Amino acid sequence: MVTGWELADFEARGGLALRFGDEFIPHIQYVFQTRDCTWEYFMLTGIIPRLPLECLRMLKPDLERIIECPTDSEIIEELDDVIVPMLNQL
C-alpha cells in the first residue's frame, strides 16, 4: 500500500512525468501550437524537465520553432532562456 507521503514524494520527483512521459507529448505540442506563452513557460519549467530525454527529442522541433521564430509574447517571456539549456542536452 502506498501512503500519501510516498505518493507525494513520487510526484514531487517527477514520477508521473517519467511514468507517462511520451503520453504527455501531444498535449505539450498542443500548448506550443496555441502560442500561449504562460502555458508554454509552465510546460518548459514544470513538465518537460521531468521527462525522459527521448521525450525532449520528440519536442525538439517545437522548441526550435520558439528559438528561431518566436512570437512577441515568447520573446517577452524570455522562453529562449529556458529552451537553450534543454536543447544543449540533446
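**A tour of H4, H7 and arginine 65**

Helices H4 and H7 are oblique to each other. The angle behind that is about 40°, and angles that are neither under 35 degrees, over 145, nor 65 to 115 count as oblique. This is a predicted model.

**Stop 1: the helix pair.** Select residues 37-47 for H4 and residues 80-88 for H7. Two packed helices are described by the angle between their axes and the distance between the axes. Here the axes lie 10 Å apart. Check the hand of the crossing as well: H4 and H7 cross in a left-handed sense.

**Stop 2: the contact.** Which residues meet between the two helices? On the H4 side, show Tyr41, Leu44 and Thr45. On the H7 side, show Val82, Ile83 and Met86. Sorted by class, this contact of H4 with H7 holds five nonpolar residues, one polar and no charged ones.

**Stop 3: inside H4.** Stay on H4 and colour its buried residues: Cys37, Glu40, Met43, Leu44, Gly46 and Ile47. Leu44 is buried and also belongs to the contact with H7.

**Stop 4: the start of H4.** Select aspartate 36 and threonine 38. A side-chain oxygen of aspartate 36 comes to within 3.1 Å of the backbone nitrogen of threonine 38.

**Stop 5: arginine 65.** Move to helix H5, residues 53-68, and pick arginine 65. Is arginine 65 buried or exposed? Its relative accessible area is 18%, so arginine 65 is buried, the cut-off being under 20%. Now show its contacts beyond four places in sequence: Phe32, Arg35, Glu40, Pro70, Thr71 and Glu74. Glu40 leads back to H4, where Glu40 is among the buried residues.

Conventions
Residues numbered from 1 in each chain as written. Predicted model: local features only at pLDDT ≥ 70, side-chain atom pairs only at ≥ 80, totals over all residues. Heavy atoms only, no water. Axes fitted to C-alpha atoms, helices over the stretch in contact; angles between N-to-C directions. Helix = DSSP H or I, 4+ residues; strand = E, 2+ residues; numbered from the N terminus. Left-handed = near helix turned anticlockwise from the far one by under 90°. Contact = heavy atoms within 4.5 Å. Nonpolar A, V, L, I, M, F, W, Y, C, P; charged D, E, K, R; others polar. Buried < 20%, exposed > 50% of the residue type's maximum accessible area, 1.4 Å probe, protein only. Polar contact = N/O pair within 3.5 Å; in protein donor to acceptor, adjacent residues only side chain to side chain.
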